[in-house]
Amino acid sequence: LPKKNTLNVIVAGIRYHDAPAAIDWLCRAFGFERHLVVPGEGDTIVHAQLRFGNGMIMLGTANRHGRGFDALMTTPREIGGRNTQSAYLVVDSPDAHYERAVAAGAEIVMPLEDQAQRWRGYSCRDREGHVWSFGDYDPLA
């Protein structure tokens, strides 16, 4: 059962080849805010937590030779550009968010448009190919 009295019970975990650059880009392009960043050796990130409203993602530098949980994770680059999961984030203004993402260089894969269910949104890829969707539909409302 989910933990009671918590703001968010699902936190996505993502791996990036250049995690420091990904953190900067995710904050600039999508509006994430740094919550915790633990640097590793060289230009790596052992663990980072980025907030988006009441939500959060955790990320770190991809490690193809990792053990434990790292051995279970991969990146779109390692599997031909495909994704096995994607995130949908609820935003107040899909149009403004879209413009911000485009200005930062996001690759739009599904255009900003009104959906039949009376909501507006779009989907894009980040710098390393992870798919993200943004819209004003709030399934919990």
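**Exercise 1. Find how far the sulfur of Cys124 lies from the closest cysteine sulfur, and decide how many disulfides this predicted model has.**

Solution.
1. In Cys124, the sulfur has its closest cysteine sulfur in Cys27, at 15 Å.
2. A disulfide requires the two sulfur atoms to be within 2.5 Å.
3. The separation is therefore too far for a bond. From the side of Cys27, the closest cysteine sulfur is that of Cys124, again at 15 Å.
4. The count of disulfides is zero.
5. As for surroundings, Cys124 is buried, at a relative accessible area of 0%. Cys27 is also buried, at 10%.

**Exercise 2. Determine which residues of the largest nonpolar core touch the most other members, and which element gives the largest share.**

Solution.
1. The core holds 28 residues; Leu26, Phe30, Phe32, Leu59 and Trp132 touch the most other members.
2. Elements giving two or more residues include strand E1 (12-16), helix H1 (19-30), strand E4 (55-61) and strand E8 (131-135).
3. H1 gives the largest share, eight residues.
4. Take Trp132 as a case: leaving out residues up to four places away in sequence, its contacts include Leu26, Phe30, Phe32 and Cys124. Among the others are Ile14, Tyr16, Ile57 and Asp126.

**Exercise 3. Locate Arg118, give the sign of its phi, and state whether it is buried or exposed.**

Solution.
1. Arg118 sits in the loop that runs between strand E6 (107-114) and strand E7 (120-125).
2. Its phi is near 70°, a positive value.
3. Most residues other than glycine have a negative phi.
4. Exposed means over 50% relative accessible area. Arg118 has 82%, so it is exposed.

Conventions: Residues are numbered from 1 along each chain as its sequence is written. This is a predicted model: local features need pLDDT of at least 70, side-chain atom pairs count only at pLDDT 80 or more; totals for chains, interfaces and linings use all residues. Side-chain values use heavy atoms; hydrogens and water are left out. Helices (H or I, at least four residues) and strands (E, at least two) are DSSP runs, numbered from the N terminus. Buried means under 20% relative accessible area, exposed over 50%, partly exposed in between (1.4 Å probe, protein chains only). A nonpolar core is a set of buried Ala, Val, Leu, Ile, Met, Phe, Trp, Tyr and Cys residues joined through side-chain atoms within 4.5 Å. Contact means heavy atoms within 4.5 Å.
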